[in-house]
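Please read the following briefing alongside the sequence and the three-dimensional structure. It is arranged by topic, with a short lead followed by bullet points.

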Amino acid sequence: MLQPELKLRRDKIRSLMALQGIDAALITCNANLIYTYGCVVSGYLYLPLHSPALLFFKRPNNITGEHSFSIRKPEQIVDLLKEKGLPMPAKLMLEGDELPYSEYCRLASLFPETEVVNGTPLIRQARSVKTAIEIEMFRRSGIAHAKAYEQIPSVYRPGMTDIEFSIEIERLMRLQGNLGIFRVFGRSMEIFMGSVLTGDNAGYPSPYDFALGGQGLDPALPGGANKTPLKEGQSVMIDLGGNFNGYMGDMSRVFSIGKLPEEAYAAHQVCLDIQEKIASIAKPGIPCETLYNTAIEMVTAAGFADKFMGTQQQAKFIGHGIGLEINEAPVLAPRMKQELEPGMVFALEPKIVLPGIGPVGIENSWVVTNERIEKLTNCNEEIIELK
C-alpha cells in the first residue's frame, strides 16, 4: 500500500480524534489494521495525534522499518513509547465494539493514568467515506464480480440443488480472483461467500440481519442454501459477495428455471423501478431515510409491501454501506437521518419474495460522487432463464 494513501487514511481518523480531544489510538482489529497499515498483522498500530504511527508486531516476524517494533506481549508497548520520548496520552481510544472484554481491559490497563474511550464508532465514521484509491479498488472488484456472474448460466445443470449450484458459482468466483473470505462487523453476524436462494427457502427467517435469510445446511450456520432442488417455475437469486481485493462488493442477480409466472416478472420490474428512482434522487446531502421511504412508497403502491425484503420476517432496510466489511455506514433504513456524502459506497438491494416461486429483485454497489451516485456492478439485470 502506498504510504501517502495510508497517511491520508490515518489523518482522516486523526481529524476526528482531534474533535473529541483524543490524543492517541491503539488499533489491533484486522479490518482497521488493513485500513491504517495496509495489511493484517498480529500486533498493534499506535496512532498518536501529532506523531508518526508506530507498529508493534508479534507476527509475521519479517517486518522492518523505522517505526516498527517486534514485541512478545502488549505490555512492552509503554516502555517502547517512553524510549521514543513520546508522552502518555491523556485520552486514548480502543476498538471497544470489536475487542473481547478481557483484551480491552488488558490494553486499557497499560495506561493506568489515561482516560480510555471506545473508538470504534469514530474509526467506522472515517472508513465510511472512501478515498480515491479505495473507490478504484471497488471499481476493479465490480468488473471481476460481473465477469464471474456472466458465466453463471454455463455451470447450471438440470436436476441440481441450490447448494450444488452455489458450489459451482463459488468456483467461478474464486477462479476470477475472489479471496473467498467476507469480513462482517458485529459479534452476532456471520457470513459465508454469500447465498443462493430458491423457492420458499428465500423467505425462511434468519437470525442474521440480512435482506433475505434461508435455512442453510445446519443450525450452526443458519442462512442460505439448504439443498432445495431447483425446480421448473421457480426463481434463483445469486447473492455472492465480491471480495477480490479486500473490499466487499455486493451484487445480486435473479435466474429462473424455465419460465416464471407473470407475477414474478412484474415484481422484478418493481424492484428495478425502485433502483432507478433511487438512483435518480440519491446525491450528497439526501438523508438515508428518504431513500428508504421512497422504496416503501413505491412497493406499497405496486401491491407487494407484504413481500418486500422477506415474507415471514422482513428486513427493515434497503441498502447498507460496504467497504472492508460487508456492513458499514451508511444504512438506508427508517429514521436514519445520516446524509449521503461524496465517497460513500453502498449496496442497494430492493428484493421481493413470492411464496411458491422465490425471490426477485436486484442488488448493486454504488459510489456517491459530487453530484449523484454511480453504479459499480454492471451486468444484465433482467431475469435470465437457465436451460
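**Salt bridges, strands, a helix and a pocket**

Lys337 counts as exposed, since its relative accessibility is 57% and the threshold for that class is over 50%. The model discussed here is predicted, and it holds 18 salt bridges. One of these joins Lys337 to Glu289, with the closest N and O atoms 2.9 Å apart.

**Salt bridges**

- The pair formed by Lys337 and Glu289, whose closest N and O atoms are 2.9 Å apart, links distant parts of the chain, as Lys337 sits in the loop between strand E13 (328-332) and strand E14 (345-348) while Glu289 belongs to helix H10 (residues 288-301), 48 residues apart.
- Whereas Lys337 is exposed, its partner Glu289 has a relative accessibility of 16% and therefore counts as buried, the cut-off for that class being under 20%.
- Glu374 forms a salt bridge with Arg139, and the closest N and O atoms of this pair are 2.6 Å apart.
- Because Glu374 lies in strand E18 (residues 373-375) and Arg139 in helix H6 (residues 132-150), this pair ties together parts of the structure that are 235 residues apart in sequence.
- Both partners fall into the intermediate class of accessibility, Glu374 being partly exposed with a relative accessible area of 22% and Arg139 being partly exposed at 29%.
- A further salt bridge connects Lys351 with Glu349, where the closest N and O atoms are 3.0 Å apart, and in this case Lys351 and Glu349 are both buried.
- Arg124, Arg127, Lys130, Glu325 and Glu328 are joined into one network by salt bridges that share partners.

**Helix H5**

- Helix H5 (residues 120-128) is largely enclosed by the rest of the structure, because seven of its nine residues are buried.
- The buried residues of H5 are Thr120, Leu122, Ile123, Arg124, Ala126, Arg127 and Ser128, and two of the names in this list, Arg124 and Arg127, also belong to the salt-bridge network.

**Strand E17 and its neighbours**

- Strand E17 (residues 364-368) is mostly covered, with five of its five residues buried.
- In a regular strand, side chains alternate between the two faces of the sheet.
- Both faces of E17 are covered, with Asn364, Trp366 and Val368 buried on one side and Ser365 and Val367 buried on the other.
- E17 pairs with E14 in the antiparallel sense over four bridges, and within this pairing Val367 of E17 is the bridge partner of Val345.
- E17 also pairs with E18 in the antiparallel sense, here over three bridges, and Val368 stands opposite Ile373 in E18.
- Four residues lie between E17 and E18, and the two strands form a hairpin.
- E18 is also the strand that holds Glu374, the partner of Arg139 in helix H6.

**The largest pocket**

- The largest pocket has a volume of about 780 Å³, and of the 41 residues that line it, Glu190, Ile191, Gly194, Phe210 and Leu212 are the closest to its centre.
- Helix H8 (162-175), strand E7 (194-198), strand E8 (235-240) and E13 are the elements that give two or more residues to the lining of the largest pocket.
- By residue class, the lining of the largest pocket divides into 20 nonpolar, ten polar and eleven charged residues.

Terms used: Residues numbered from 1 in each chain as written. Predicted model: local features only at pLDDT ≥ 70, side-chain atom pairs only at ≥ 80, totals over all residues. Heavy atoms only, no water. Buried < 20%, exposed > 50% of the residue type's maximum accessible area, 1.4 Å probe, protein only. Salt bridge = Lys/Arg side-chain N within 4 Å of Asp/Glu carboxyl O. 1 Å grid on protein atoms, 1.4 Å probe; cavity = no way out; pocket = protein on both sides within 12 Å on 5 of 7 lines; lining within 4 Å. Points joined across faces, edges and corners; volume = space filled by probe spheres on them. Nonpolar A, V, L, I, M, F, W, Y, C, P; charged D, E, K, R; others polar. Pairing = 2+ DSSP bridges.
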